Amino acid sequence: MTEAEIRQLVLGIIADIVPDQDLSQIRDDEPLRDQLGLDSMDFLDIVMELRRRYRMQIPEEDYPRLATVAGTIEYLKPRLAQLAPG
Amino acid sequence: MTDFDVVVIGGGLSGLSAALRLALFGYRVCLVEQQPRLGGMNTYFERDGKTIETALHALTNWPGGNGPASPWRLILRQLRLPSAEFPLAPQAFSQIRLGGTFLNFGNDFRLFLEEAKRFPAGDQVGLFVDRSLLPYSLWACPAGFGSARKVLLEWLGNSPLLPMIYLPVAAFGAATEGDMPFGVFSMLFRAIFAEGLCRPVGGIKALLTLLHRQLERYGAFLLLRQRVAAIRTAGDQVLAVTLQNGESITARQFVSTIGWPETWALLQDNAGTARQSQSPPAGRISFLEVIAELSCPPAELGFRPSMLFYCLKDECDFRAPSELIEPRLGAVCAPGNFQYPDPASEPMAKTMRLTCLAAYDQWASLPAGQYQTEKMKAAEKLLTTLASLGWDIRPAIVNIEVTTPLTLARYTGRSQGAVYGSPHKLWDGKTPFANLFLAGTDQGLPGVVGALLSGIIVVNQHLLPKA
Ligand SMILES: Cc1cc2nc3c(=O)[nH]c(=O)nc-3n(C[C@H](O)[C@H](O)[C@H](O)COP(=O)(O)OP(=O)(O)OC[C@H]3O[C@@H](n4cnc5c(N)ncnc54)[C@H](O)[C@@H]3O)c2cc1C
């Protein structure tokens, strides 16, 4: 998956979780918590969605790495590559 | 025999939110509800082409104010419902009547604080809120934290403010007589006074329709008109539930929302023997409710508050009466006095709901044949009481529905028709069985908001994996 594709995937998950928010203005390097008011329960949802869609296990100590869109892309890139080699 | 990831017992609001939460993440979840319709205590029925709601007076935690993040925001997000699809109409104002005095409050907390100053110890209320009220937590279970009365006595002494504040809070969630846990009190005080009251536009039907649609969209399996007759266990594990028709459903995990004594009564070992140990106690707080359909909106009869809470007894204690009902302590709601965008199209706009404390045992021991008469007599007493407060709505009544503690017990299966369940709560939602959890009223979160939150919290804490 390219970075652009992963970004689409991440925004798709966020759009599902916070249907009220406009995501078109989102800045990749700023914390989602500040931009969208996401709290720890919402992060649980992001993790659960990744688990459901890609059977991906994300340990709790890794949650901070999902704080921004950019961080999430970076975190997911190698893991998604592992899931679908080639 | 059918197999699922999770079986949720009971399709009230807590069962709905628990099942939906699980379905969102692809769990194969089966929701079992004994009635043909979802909603539990808060549901509706159709009569002569009209929709009649049960139970719901008002939702707490109006999200439009400037208080802390409203639980509604969290609930809608966690259930993936856009808030635009769930519009809420705020109250105009509500009134608390204690004997000959009154106090008004609305969805602006400052009104309440101002009003309180007319009474002895009134200037203490703001301090009490800042210093004593437990902090707001949306995802921790409230736990008990001692006596609410004791804390209130320390701040308010014998001021009439004490019963005035206690009354609406108890009406929205006291499972116990005379006193309640301070944790629950704190939560409800904020929910009612600091955030405020509202009603869903389109009534409870709108909320239930939204939840139902969402459950179907995410593939939850709804089993309506099926009663769970037994919960089969071995050691500290639940193996399956057996339905009334004899079928079994197995699952890895189970969530019960039907109450703790009610769940207890269904537990059997795998040979079908009931458990011998002592059941948790059933609650004693129950209500009689009169739904009066009017020929005009209540405001035209001079009734302007959205809700009225009153106590005309000398000692204003909240307990099961020794008679069929206690008409001198109750709550009245005028759904039409909430601020809807389009009042005329609201299903309940021309009704009033009158609720008072009632005793299950008294209703249950009535000789056959007297039930209908006593229901009508009770309704008459409540209407007379309202008339004595200055609002005689009797000439405008076109139809009356009365529900008693027996109705509640029969419809929802709650022992003794206990509105807020057993006095014995399982605050963390855990039971002696490793894969059985309790959500809803007997986990300790009362009311519509409490039930929805409880389903979410219990699933998040105990059923979703911690990776
Ligand atoms: C008259 C009245 C007025 C109220 N007013 C308000 C109000 O204005 N605002 C507010 O917030 N709250 C109000 N409440 C309280 C509110 O209705 C409850 O706190 C809330 O609905 C509880 O939800 P629950 O999911 O915990 O339980 P329930 O609604 O009781 O749901 C339990 C469900 O389980 C089902 N069930 C039981 N046994 C079985 C079985 N063996 N098998 C299958 N299914 C089973 C029942 O049929 C029911 O649907 C009121 C209650 C009453 C009675």
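**Ligand surroundings and helix packing in a predicted model**

In this predicted model, a polar side-chain atom of Gln34(B) is placed 3.0 Å from an oxygen atom of the ligand, a polar contact being a pair of N or O atoms within 3.5 Å. Asn42(B) brings a polar side-chain atom to 2.5 Å from a ligand oxygen atom, and for Thr441(B) the corresponding distance is 2.9 Å. Taken alone, the ligand exposes 1,000 Å², of which the protein buries 97%; accessible areas come from the Shrake-Rupley method with a 1.4 Å probe.

The ligand is surrounded by 37 residues, of which Ser14(B), Glu33(B), Asn42(B), His57(B) and Ala58(B) come nearest; a residue is near if one of its heavy atoms lies within 4 Å. By class, this shell has 17 nonpolar, 16 polar and four charged residues, where Ala, Val, Leu, Ile, Met, Phe, Trp, Tyr, Cys and Pro count as nonpolar, Asp, Glu, Lys and Arg as charged, and the others, Gly among them, as polar. In chain B, α1 (13–24), β14 (286–294), α12 (405–412) and α13 (447–463) each give two or more residues to the shell; helices (H or I, at least four residues) and strands (E, at least two) are DSSP runs, numbered from the N terminus.

Two packed helices are described by the angle between their axes and the distance between the axes. Helix α3 (residues 40–54) of chain A packs with helix α2 (residues 71–78) of chain B at about 0°, the axes lying 11 Å apart. Axes are lines fitted to C-alpha atoms, for helices over the stretch in contact, with angles from 0 to 180 degrees between N-to-C directions. α3(A) and α2(B) are therefore roughly parallel, the term for angles under 35 degrees; over 145 is roughly antiparallel, 65 to 115 roughly perpendicular and the rest oblique. Met41(A), Asp42(A) and Asp45(A) meet Leu74(B), Arg77(B) and Gln78(B), contact meaning heavy atoms within 4.5 Å.

Residues are numbered from 1 along each chain as its sequence is written, with chains lettered from A and ligands numbered from 1 in the order in which they are written. Local features need pLDDT of at least 70 and side-chain atom pairs count only at pLDDT 80 or more, while totals for chains, interfaces and linings use all residues; side-chain values use heavy atoms, leaving out hydrogens and water.

Methods. A polar contact is a pair of N or O atoms within 3.5 Å; within protein, one must be able to donate a hydrogen and the other to accept it, and residues adjacent in sequence count only if both atoms are side-chain atoms.
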